[in-house]
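Biologist: Please take me through one part of this model, the sheet of chain B. Go slowly enough for a first-year student, and add whatever helps to place that sheet.

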Amino acid sequence: MKAFSLSSTAIDAAGLLRQLESERVGAVVTFEGRVRDHNEGRSVRGLAYEAYAELAEAEGARIIEEARSRFEIAQALCVHRVGELVLGELAVWVGVSATHRDAAFAACRYIIDEVKSRVPIWKHERYVGGEAEWLHPDA
Amino acid sequence: MLYFASLRDAAGCAQETVSSEAREPRALYAEAAARYGFKMPLERIRVAVNGAFAPQDCMLKDGDEVAFLPPVSGG
């Protein structure tokens, strides 16, 4: 499977984790981003992600490649959801395997931070009360 | 031209084909902003041409696919 992918169905975290298993690695670090029920003081009842799929997959793949060249890691995978999500659902999953933990932690952190700031994916939040809006954070 | 997120909502469509004298994405954006009342300033927009990030002032050719990307919010 591709190192970075978009998914319109629920992310199979256990299945992804199995892909990182190897007797050669001593550390596996994963990050799970989930849909929470509040944001900036408002009660969230659900959200949707929209992506520019072609560019998102290319930019996501670049980020994984950057992580592989910056850190001593064995494997890295990232999957980001698109479409409608409910509270508590997995929105993004990052997993990194490495010989040692420092590189695994650092690469996992690098990937999620870069994905959030660079990959063309947008969050549309729906609030308790009926309003909804796109999030376009400053910088 | 491709519009995403709040720009898509404001334009009322995800994509359209336009005929324009504009030769740079920034000029195309100004035309679309006037047409649809986009409030997002150009400084906050990233541009992609034919599926790759590109400068706002790159030279366009007939048939190019130009995407306007408001600030992203994945994760």
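Modeller: Start at A48(B). Across from A48(B) stands A67(B), a residue of β4(B). This is a predicted model, so every statement here is about a prediction. The pair belongs to a ladder between two strands of chain B: β2, residues 46–49, and β4, residues 66–69. Four bridges hold this ladder, and its strands run antiparallel.

Now look at the other partner of β2(B). Three bridges join β2(B) to β3 of chain B, residues 52–54. These strands are antiparallel too. One bridge to find on screen links V47(B) with A54(B) in β3(B). β2(B) and β3(B) form a hairpin, with two residues between the strands. Look at N50(B) in that hairpin: its phi is positive, near 50 degrees.

Next comes β1(B). It pairs with β4(B) over two bridges, this time in the parallel sense. Use Y3(B) as a marker: F68(B) in β4(B) stands opposite.

One helix lies against these strands. α2 of chain B, residues 25–36, packs on the sheet. The helix touches β2, β3 and β4 of chain B. Its direction makes about 70 degrees with that of β4(B).

Put the strands together. The order in chain B is β1-β4-β2-β3. That gives an open sheet of four strands with mixed pairing. Which strands of chain B stand at the edges? They are β1, residues 2–3, and β3. Each has a single partner strand, so one side of each is left without a neighbour in the sheet.

Here is a general point for reading any sheet. In a regular strand, side chains alternate between the two faces of the sheet.

Step back to the whole of chain B. It has two helices and four strands. Along the sequence the pattern is β-α-α-β-β-β. Sequence order and sheet order are worth tracing side by side on screen. Among contacts in chain B between residues at least 6 apart in sequence, 51% join residues at least 24 apart.

What about the overall form? The C-alpha trace of chain B spans about 35 × 25 × 20 Å along its principal axes. Its radius of gyration is 11 Å. A compact globule with 75 residues would have a value near 11 Å, so the two agree. Of the 75 residues in chain B, 31% are buried.

Chain B also meets chain A. The contact takes 13 residues from chain B and 20 residues from chain A. On the side of chain A that touches chain B, the elements giving two or more residues are β4 (42–51), α2 (53–70), α3 (101–118) and β8 (121–127) of chain A. By type, the residues on that side divide into 13 nonpolar, three polar and four charged.

Finally, compare with a strand in chain A. Take β5(A), residues 73–81. Eight of its nine residues are buried, so β5(A) is largely enclosed by the rest of the structure. β5(A) pairs with β1 of chain A, residues 4–7, in the parallel sense over four bridges. There, S7(A) has R81(A) as its bridge partner. β5(A) also pairs with β7 of chain A, residues 90–98, in the antiparallel sense over seven bridges. In that pairing, L77(A) stands opposite G95(A).

Definitions and conventions: Residues are numbered from 1 along each chain as its sequence is written. Chains are lettered from A and ligands numbered from 1 in the order in which they are written. This is a predicted model: local features need pLDDT of at least 70, side-chain atom pairs count only at pLDDT 80 or more; totals for chains, interfaces and linings use all residues. Two residues are in contact if their C-beta atoms, placed from the backbone, lie within 7 Å. Ala, Val, Leu, Ile, Met, Phe, Trp, Tyr, Cys and Pro count as nonpolar, Asp, Glu, Lys and Arg as charged, and the others, Gly among them, as polar. Two strands pair if DSSP finds at least two bridges between them. Axes are lines fitted to C-alpha atoms, for helices over the stretch in contact, and angles run from 0 to 180 degrees between N-to-C directions. The radius of gyration is taken over C-alpha atoms; the globule rule is 2.2 Å times the number of residues to the power 0.38. A residue is buried if 20 or more other C-beta atoms lie within 10 Å of its own, exposed if 12 or fewer, and partly exposed in between; C-beta atoms are placed from the backbone.
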